[in-house]
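Colleague: I would like a close look at the open and enclosed spaces in this model, and at the helices around them. Could you take me through that part at an easy pace?

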Amino acid sequence: MNKLIVSLSPHVHGDDTVKKNMYGVLVALLPAFAVSLYIFGVGALIVTLTSVASCVFFEWLITKYVLKRDRVTIGDGSAIITGILLAFNLPSNIPVWIVMLGALFAIGVVKMSFGGLGCNLFNPALAGRVFLLLSFPVQMTSWPAVGQHMVYTDAVTAATPLAVMKGLITSPANYSMDQLPGAFDLFFGNNPGCIGEVSVWALLLGFLYMLWKRIITWHIPVSILLTVFLFGSVMHYVDPDKYVNGWIHLCTGGLVLGAVFMATDYVTSPMSHRGMVVYGVCIGLLTVIIRLFGSYPEGMSFAILIMNAFTPLINTYIKPKRFGEEAKRK
């Protein structure tokens, strides 16, 4: 018998559902996916399909046969999004079996072991990416050059803009600012990198769509991007021969992808707008610190995962206003 559970007032009704918002995010990801197919070709398609199919399969398998739940949750779209975002954080020439391992870790360890959607502490796609980066560093840092549309695992590799940026800091004799792609190529994605991170304009188009549909708010993405731009610009002013300017920081690596589609994850980000700004500023600072002073060229994934761990603390000390609080004060 189904029980009707009535909570204390006030009651707020809305037409938002998990499924509606998840499929809205999928629509927002389509421009970046289309650009990835244009830039990387068949490799991007194989990696993305493998990742999505693996994430959906592992969630179904674990829900039905490990957790033994009657209701299988693969229809809500969250596993599909995890699969796409994991693929977007991978090179287009990475072997299929590595993609499947990353999907198993993301879904099985990071998501389902905590209880499924709404219970995970860390972003599953990012955790899967970091797991693969630590386990298979060679395969995860071999980037296919642009234009090899019909080549998969045998693609010729090239250095990413982030690698050049790191080389300017660690080996200035071997690198120069001239090796960085131009502003046009950086913005439109004509450079090596992960499948879904290279095209800034396509990611921003998805951002505008999600703002329009009110799937997310501006607080986290804008605070991250603004912090990175300002911090990067200050460091460039201090030493312009060693550090790139803030604009290049914005257009390289997984910064925009992470700021728009992963840092804004409902489960692992703060609830209040003030908390979101604090969260975003900290992610931006950590990203630039890791890029400039850490061992890895990219810091976005690590920065988001670190701040995921601080989200409960932020929610504790920066709480949203209770419904009706302002009216009560009056």
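Modeller: Happily; what follows goes from the cavities to the pockets and then to the helices. Please keep in mind that this is a predicted model.

Let us begin with the enclosed spaces. The structure has five cavities of 30 Å³ or more, and the largest cavity holds about 310 Å³ of space. Its lining is made by 21 residues, and those closest to the centre are Met22, Ile81, Leu85, Phe261 and Asp265. At least two lining residues come from each of helix 1 (18-40), helix 3 (78-88) and helix 5 (124-135). Helix 3 contributes the most, with four residues. Sorted by class, the lining of the largest cavity comprises 13 nonpolar, six polar and two charged residues.

Now to the open spaces. The largest pocket has a volume of about 400 Å³. It is lined by 14 residues, with Thr217, Tyr266, Pro270, Met271 and Met276 closest to its centre. Eight residues of this lining are nonpolar, five are polar and one is charged. The second largest pocket holds about 220 Å³ of space. Its lining also takes in 14 residues, of which Arg129, Thr141, Trp143, Pro297 and Glu298 are the closest to its centre. Here the classes are nine nonpolar, two polar and three charged residues. Helix 5 and helix 7 (161-170) each give at least two residues to the lining of the second largest pocket, and helix 5 is also among the helices that line the largest cavity.

Helix 7 deserves a pause. Eight of its ten residues are buried, so helix 7 is largely enclosed by the rest of the structure. Those buried residues are Pro161, Leu162, Val164, Met165, Lys166, Gly167, Leu168 and Ile169. They pack against helix 8 (183-188), helix 11 (246-251) and helix 13 (273-293).

Helix 13 leads us on to helix 14 (residues 300-317), whose buried residues pack against helix 5, helix 10, helix 12 (255-262) and helix 13. The buried set in helix 14 consists of Met300, Ser301, Phe302, Ala303, Ile304, Leu305, Met307, Asn308, Thr311, Ile314 and Asn315. As background, an α-helix has 3.6 residues a turn, so residues three or four places apart point the same way. Helix 14 also has a kink of about 45° at Phe310, shortly before the proline Pro312. How far apart are the end C-alpha atoms of helix 14? They are 25 Å apart, which agrees with the 26 Å that its 18 residues should span at 1.5 Å a residue.

Helix 9 (200-212) can be checked by the span too. Its 13 residues should cover 18 Å at 1.5 Å a residue, and the end C-alpha atoms are 18 Å apart, in agreement. Val200, Ala202, Leu203, Gly206, Phe207 and Met210 are the buried residues of helix 9. Their cover includes helix 1, helix 8, helix 10, helix 11 and helix 12. Helix 1 therefore appears both in this cover and in the lining of the largest cavity.

Just past helix 9, the backbone is worth a look: Arg214 takes a positive phi of about 60°, and this is a residue other than glycine. Arg214 sits in the loop between helix 9 and helix 10 (219-238). Is Arg214 buried or exposed? With 72% relative accessibility, Arg214 counts as exposed.

On the far side of that loop, helix 10 contains Val222. This residue is partly exposed, at a relative accessible area of 33%. Val222 and Val281 are separated by 59 residues in sequence, while their C-alpha atoms are 9.1 Å apart in space.

A last stop is Ala106 in helix 4 (residues 96-111). Ala106 has a relative accessible area of 0% and is buried. Leaving aside residues up to four places away in sequence, Ala106 touches Thr82, Lys111, Pro124, Ala125 and Gly128. Thr82 is 24 residues from Ala106 along the chain, and the C-alpha atoms of the two are separated by 7.8 Å.

Key:
Residues are numbered from 1 along each chain as its sequence is written. This is a predicted model: local features need pLDDT of at least 70, side-chain atom pairs count only at pLDDT 80 or more; totals for chains, interfaces and linings use all residues. Side-chain values use heavy atoms; hydrogens and water are left out. On a 1 Å grid over the protein atoms alone, a cavity is a set of points where a 1.4 Å probe fits but cannot get out, and a pocket is an open set with protein on both sides within 12 Å along at least five of seven lines; lining residues have an atom within 4 Å of a point. Grid points are joined across faces, edges and corners, and a volume is the space filled by probe spheres set on the points. Ala, Val, Leu, Ile, Met, Phe, Trp, Tyr, Cys and Pro count as nonpolar, Asp, Glu, Lys and Arg as charged, and the others, Gly among them, as polar. Buried means under 20% relative accessible area, exposed over 50%, partly exposed in between (1.4 Å probe, protein chains only). The expected span of a helix is 1.5 Å times one less than its number of residues. The bend at a residue is the angle between axes fitted to the seven residues ending there and the seven starting there. Contact means heavy atoms within 4.5 Å.
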